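Got your viewer open? Load the model below and follow along, one selection at a time.

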Amino acid sequence: MSSSPEMTSSLFYTTLAPLRSAVPGSVPGAGGGGLVMPTMEPNITSCEEWEEAHHLLFHLGNLSLLLGLVIPTTLTLHMILLRLMLMTGSCLFITWATLYRCNLDVMVWNVVFLLVNFMHFFYLVYKRRPIKIDRELKSVYKRMFEPLHVREALFQRLTGQFCTIQSLKKGQVYAAEDKTSVDERLSILLKGKMKVSYRGHFLHNIYTNAFIDSPEFRSTQMNRGEKFQVTIMAEENCKFLCWSRERLTYFLESDSFLNEVFRYLIGKDITNKLYSLNDPTLSDKAAKKMERQPSLCSQVSMMQMRNSMGSTSDTDDILNQIHRGGSSGSSHPVNQPTLLDHTLP
């Protein structure tokens with residue numbers, strides 16, 4: 001028992017001695033003998049001789065990586081070309097490592113790089129796939145949304161989730177005066193023509209590629225529960241794109257770009273309706289041409305006009321005066337009152 005500490009110390013010293021000795025010689029052991037260590041070569045810290053150049057595939061792989069990195073970001077297909085060049089370089093490295101170097105590490109790593117870049121490449125190509133817009137919606141997209149740089153994929157999201165295409169036969173009513181709520185929907189006329197009237201008096205027409213109820217949508221964004229102050233009736237067989245107002249509002253709140261697009265389109269539509277409302281003699285051809293022309297977003301609320309008309313005691317006289325003024329408005333533009341005059345404080 002008394003020799004146990006000495007034996008432990010001897011074993012510990014014998015085990016660590018080779019690790020601490022870096023030169024040949026003998027290390028004293030427990031029995032007085034010596035342990036001979038092999039000679040160790042010094043580490044090489046500089047390249048005394050360069051290896052021969054690698055195969056051409058190795059250089060082509062690096063050239064592909066270089067080309068991918070120098071592609072200018074101003075190109076439309078910049079990311080797709082970058083991923084394509086990275087994939088090409090990985091394929092060349094895999095071929096080089098497999099056929100000429102027999103290096104498993106290089107081959108495995110480049111297989112991983114190839115798979116990762118292929119997934120990115122596939123996703124980028126998928127995002128740029130051609131979007132097929134419904135034939136009935138192409139005219140609306142080309143006329144209203146494409147000039148404002150709304151992408152086809154975004155337009156498809158807008159029209160594919162919470163809207164429907166509905167139809168009305170000639171003589172059917174889209175909205176009835178003082179009966180139909182304005183909180184339910186927002187629509188764009190796709191085909192046909194509609195007539196807007198107030199207490200039987202004609203106000204203006206609604207043509208294709210125009211909002212049907214844009215004034216009500218703008219005027220009641222803060223005040224819900226309002227009713228239509230006019231009657232909107234189909235003069236021809238009509239088709240219209242109809243959004244659920246609540247779901248559309250929620251969607252626009254989550255997309256600031258589309259929200260601004262709708263604000264502009266609705267403001268422009270209200271402006272065009274104001275022009276046609278103040279000139280009842282405007283021909284159908286002239287009204288359609290006016291709707292194609294860009295105009296400033298008017299902040300004047302047509303609902304306010306309609307409400308002011310309904311609140312006056314001499315509404316019929318006002319309407320008759322408007323119709324009389326429309327026929328001679330070109331000869332006496334200053335003296336003829338317009339509907340705008342009744343909305344100003």
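## Starting in helix α9

Select Leu-274 to begin: this residue sits in helix α9, which covers residues 256-278. Keep in mind as you go that this is a predicted model. Is Leu-274 buried or exposed? Leu-274 is buried, because its relative accessible area is 8%, and the cut-off for buried is under 20%. Now add His-204 to the selection and draw a distance between the two C-alpha atoms: you should get 9.1 Å, although Leu-274 and His-204 are 70 residues apart along the chain.

Stay in α9 and show the side chains of Lys-273 and Asp-269. These two form a salt bridge, with the closest N and O atoms 2.5 Å apart. They are 4 residues apart in the helix, about one turn, and both Lys-273 and Asp-269 are buried.

Next, pick Glu-260 and Arg-263, also in helix α9, 3 residues apart and again about one turn of the helix. Here too you'll find a salt bridge, with 3.6 Å between the closest N and O atoms. Glu-260 is partly exposed at 45% relative accessibility, and Arg-263 is partly exposed as well, at 47%.

## A salt bridge between loops

How many salt bridges does a search of the whole structure find? The count is 5. One of them joins Glu-235 to Lys-193, so select that pair and look for closest N and O atoms 3.5 Å apart. Glu-235 is in the loop between β9 (231-234) and β10, while Lys-193 is in the loop between β5 (185-191) and β6 (194-198), so the salt bridge ties together parts that are 42 residues apart in sequence. Colour the two by accessibility and you'll see a contrast: Glu-235 is partly exposed at 27%, whereas Lys-193 is buried at 14%.

## Over to the sheet

Switch to cartoon view and find the open sheet of 4 strands, which runs in the order β3-β10-β5-β8 with antiparallel pairing. Which strands stand at the edges? They are β3 (163-168) and β8 (210-211); each has a single partner strand, so one side of each is left without a neighbour in the sheet. Zoom in on β3 and its partner β10 (residues 238-244), which pair in the antiparallel sense over 6 bridges. To see one position in that pairing, click Leu-168: its bridge partner in β10 is Cys-238.

## A greasy patch on α4

Turn on the surface and select Leu-104, Val-108, Trp-109, Val-112, Phe-113, Val-116, Phe-118, Met-119, Phe-122 and Tyr-126; together they make a nonpolar surface patch of about 1,000 Å². Click on Phe-118, which belongs to helix α4 (residues 104-127). Phe-118 counts as partly exposed because its relative accessible area is 44%, and that label covers values between 20% and 50%.

## Last stop: the largest pocket

Finish with the largest pocket, which holds about 540 Å³ of space. Its lining has 18 residues, and those nearest the centre are Lys-127, Arg-128, Arg-129, Arg-151 and Ala-153. Now colour helices α3 (78-101), α4 and α6 (152-160): each of them supplies at least two residues of the lining. Which helix gives the largest share? That is α6, with 4 residues.

Definitions and conventions:
Residues numbered from 1 in each chain as written. Predicted model: local features only at pLDDT ≥ 70, side-chain atom pairs only at ≥ 80, totals over all residues. Heavy atoms only, no water. Patch = residues over 30% accessible without salt bridge, like charges linked within 9 Å, V, L, I, M, F, W, Y side chains within 5 Å. Areas by Shrake-Rupley, 256 points an atom, 1.4 Å probe, with all protein chains shown as cover. Salt bridge = Lys/Arg side-chain N within 4 Å of Asp/Glu carboxyl O. Buried < 20%, exposed > 50% of the residue type's maximum accessible area, 1.4 Å probe, protein only. Pairing = 2+ DSSP bridges. 1 Å grid on protein atoms, 1.4 Å probe; cavity = no way out; pocket = protein on both sides within 12 Å on 5 of 7 lines; lining within 4 Å. Points joined across faces, edges and corners; volume = space filled by probe spheres on them.
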